[in-house]
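Here is a walk through one assembly, starting with how its copies meet and ending inside a single chain. Have the viewer open as you read.

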4 protein chains.
Amino acid sequence: MRILVFGAAHRKGSFNRKLALNAAEHLAKAFPEDTVEFVHFSDFPMPVYDGDLEEKDGLPKGAGALVEKLAQAGAVVISTPEYNGGIPGALKNAIDWISRADDNPLDKKPLLLLAASPGALGGVRSLWHTRVPFEALGAVVYPTMFGLPKASEAFDANDKLVDPKMGARLEKLVLEFRGFAAKLA
Amino acid sequence: MRILVFGAAHRKGSFNRKLALNAAEHLAKAFPEDTVEFVHFSDFPMPVYDGDLEEKDGLPKGAGALVEKLAQAGAVVISTPEYNGGIPGALKNAIDWISRADDNPLDKKPLLLLAASPGALGGVRSLWHTRVPFEALGAVVYPTMFGLPKASEAFDANDKLVDPKMGARLEKLVLEFRGFAAKLA
Amino acid sequence: MRILVFGAAHRKGSFNRKLALNAAEHLAKAFPEDTVEFVHFSDFPMPVYDGDLEEKDGLPKGAGALVEKLAQAGAVVISTPEYNGGIPGALKNAIDWISRADDNPLDKKPLLLLAASPGALGGVRSLWHTRVPFEALGAVVYPTMFGLPKASEAFDANDKLVDPKMGARLEKLVLEFRGFAAKLA
Amino acid sequence: MRILVFGAAHRKGSFNRKLALNAAEHLAKAFPEDTVEFVHFSDFPMPVYDGDLEEKDGLPKGAGALVEKLAQAGAVVISTPEYNGGIPGALKNAIDWISRADDNPLDKKPLLLLAASPGALGGVRSLWHTRVPFEALGAVVYPTMFGLPKASEAFDANDKLVDPKMGARLEKLVLEFRGFAAKLA
């Protein structure tokens, strides 16, 4: 199985990039026969959606590349920040562009959502809102999600989760999700 | 009272720009002493939010200009499309940038949400999701909202609502909202 | 496979009971080897949740019986009304009692949500809110849902959907869902 | 001003009843000329909503009494538990009955939502879902809300909040809300 993993933030030192990396490493270790593709959200640049721009130029190159990555994957893991209690505009904007592709790469695609946040709540409010546009596009969002609170103290110098209990909880969840995704393949 | 009105879409022929214009005209006619400021969303260009970009360059010029317009206004009316069952990434991205300003221009600000959509549901799903980030930033979102279905047939050549009942319903709502906003001033 | 089907309203002439019945009949016809169990929500009476009552008497008999039916089923189809823009208190109350059972019968259970409503929107706002508590309990809610607008004119004297297109759309969706549920079994 | 305050749980020792009581006491102390009416949710018993029952017997006595209390109040404060990530069925059921009254007592009514929860998140997920049916009925839900985490350790023997910072935060919010409600009166 091919699994696409990314953190939905453009910032280089993003906590969500780090959390996504931890998830990718658990998958790669447990399923060496899988292709776990860890990508950077910032490698798929796209402008803010504008219907006139779309009519003129079609799908932006970055959006097209992300559509292709999603289409190739049998399962997807995204770690997303919470901005103002909801999905980041940057991630929703990517979804809006993706939805304009000729073929919908998210239809029936198994998707696991994670979140890391510097606050005490770990981004759980946002996670529930983030499900909606993905489900509206047909993704099968795994019921269980994962919120990492106090993310600024959560990673060591190698971007690994410091707390072994948190690490074990993440590992258990991503392996469980991998089994779920395999059934739907 | 100063009232800021805009449609949250960049497309020049946007139905939401037209619906916002109808709302602005009802306000201007009924309250000639008010300053009803109808602006174009595309006059406030801003990139997709990126924490590194913010650290380097601060608030983008377009975001800063929108913050100023919001801060000057005593009430705000926004008409927003529905993309993939929720708030457009473009609007959420603007909110995310606005939330990074030194002073929050949305705190306790009366806000009326409208939606126009080519479909049969008039964007009502999106409206409920769109309330959330505005309320998270302290805006007082008016309980009643307005969804215009089948928007591609709803306007005449002068961008006026064709159906007089729909027009009367919009007029009643915006004037009601104006009274509400005046109490909170 | 055993599939539990019900309409989440107590009213005898409930549109949602009728819509659920149509779904059950499509399943029974297409999968004669399945056990399609169509039940009445009112056969599972339970009081409004009260922690003191629970401590005194445990799970009410009706709640226990619904937990058992859910546990036996490999998949579940629920058609639910929309009350005040959201999940009916009656259905949420049943979920709250179910969540107090020793074993969670909803964990990883495939669930299809339908809605019938006398209004023009077919209960679509409610459907998105109704997903949340089911997903919080681990149910795998099928991404696609089904809203039946103008339900008071939608059924004939035998409780069949009058509009053949609507019937075909429902049939397609429930069979698709049956295939999905089989993969997760 | 007359302010109705209650905790939306039937359990006698309910944390939300205690939190509501703390809010009521802050209001009564700061606004001695107000009538702060602290009531018990369990004094308004009502069955699970059933359309047939309504047709036969009309509004249940408990629902009618709650409608009257809401109608008399110029502002309302409710503290609500979180059940399964959302609004308790018991509270939603009360809203569903209230919405069947001849006159809607919630229209344009200022409402402050609080939550107490034994968990780490303080019921914040639920609060956002709880706004929706109230706003659908026209209530002006105050943008800021209040979540009390770890509620089982939060109150002393006299049901007062132990942590003075938490108490001060609650006091500030309810007084702010009282000023807001006065403007809308």
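## Where C meets D

In this predicted model, every interface residue of chain C, 100% of them, is also an interface residue in chain D, so the two copies meet through the same surface. The contact takes in 27 residues of chain C and 27 residues of chain D. Three elements of chain C give two or more residues to the side that touches chain D: helix 2 (51-57), helix 4 (89-98) and helix 5 (124-136). Helix 4 of chain C gives the most, with 6 residues. Sorted by class, that side of chain C has 12 nonpolar, 9 polar and 6 charged residues.

What operation takes chain C onto chain D? A rotation of 180° with 0.0 Å of shift along its axis does the job, at an RMSD of 0.0 Å. That is the relation of a two-fold axis. If you want to find the axis in the viewer, start at Gly89(C): of the residues of chain C, Gly89(C) comes closest to the rotation axis, with its C-alpha at 2.3 Å.

## Where B meets C

The contact between chain B and chain C takes 4 residues from chain B and 4 residues from chain C. On the chain B side, the residues divide into 3 nonpolar, no polar and 1 charged.

Chain B, too, goes onto chain C by a rotation of 180° with 0.0 Å of shift along the axis, and the RMSD is 0.0 Å. The same surface serves both copies here, as 100% of the contact residues of chain B recur in chain C.

## Two helices in chain B

Two packed helices are described by the angle between their axes and the distance between the axes. For helix 3 (residues 61-72) and helix 4 (residues 89-98) of chain B, the angle is about 80° and the axes are 9 Å apart. Angles of 65 to 115 degrees count as roughly perpendicular, and helix 3 and helix 4 of chain B are therefore roughly perpendicular to each other.

Which residues make this contact? From helix 3 of chain B come Ala63(B), Leu66(B) and Val67(B), and they meet Ala94(B), Trp97(B) and Ile98(B) in helix 4 of chain B. By class, the contact has 6 nonpolar, no polar and no charged residues.

## One loop residue in chain C

Pro45(C) sits in the loop that runs between strand 2 (35-38) and helix 2 of chain C. Is Pro45(C) buried, exposed or partly exposed? Pro45(C) has 16 C-beta neighbours inside 10 Å, so it counts as partly exposed.

Pro45(C) also pairs up with a residue far along the chain: Pro45(C) and Ala94(C) are 49 residues apart in sequence, while their C-alpha atoms are 9.0 Å apart in space.

## A single chain, taken whole

Chain A has 6 helices and 6 strands. Read from the N terminus, its elements run β-α-β-α-α-β-α-β-α-β-β-α. The radius of gyration of chain A is 16 Å, close to the 16 Å that the globule rule gives for 185 residues, so chain A is as compact as a globular protein of that length.

Along the principal axes, the C-alpha atoms of chain A fill a box of roughly 50 × 35 × 25 Å. Buried residues make up 52% of the 185 residues in chain A. Of the contacts in chain A with a separation of 6 or more, 75% join residues 24 or more positions apart.

Methods. Residues numbered from 1 in each chain as written. Chains lettered and ligands numbered in written order. Predicted model: local features only at pLDDT ≥ 70, side-chain atom pairs only at ≥ 80, totals over all residues. Contact = placed C-beta atoms within 7 Å. Helix = DSSP H or I, 4+ residues; strand = E, 2+ residues; numbered from the N terminus. Nonpolar A, V, L, I, M, F, W, Y, C, P; charged D, E, K, R; others polar. Least-squares fit on C-alpha atoms with pLDDT ≥ 70 in both. Axes fitted to C-alpha atoms, helices over the stretch in contact; angles between N-to-C directions. Parallel < 35°, antiparallel > 145°, perpendicular 65-115°, else oblique. Rg over C-alpha atoms; globule rule 2.2 N^0.38 Å. Buried ≥ 20, exposed ≤ 12 C-beta atoms within 10 Å, placed from the backbone.
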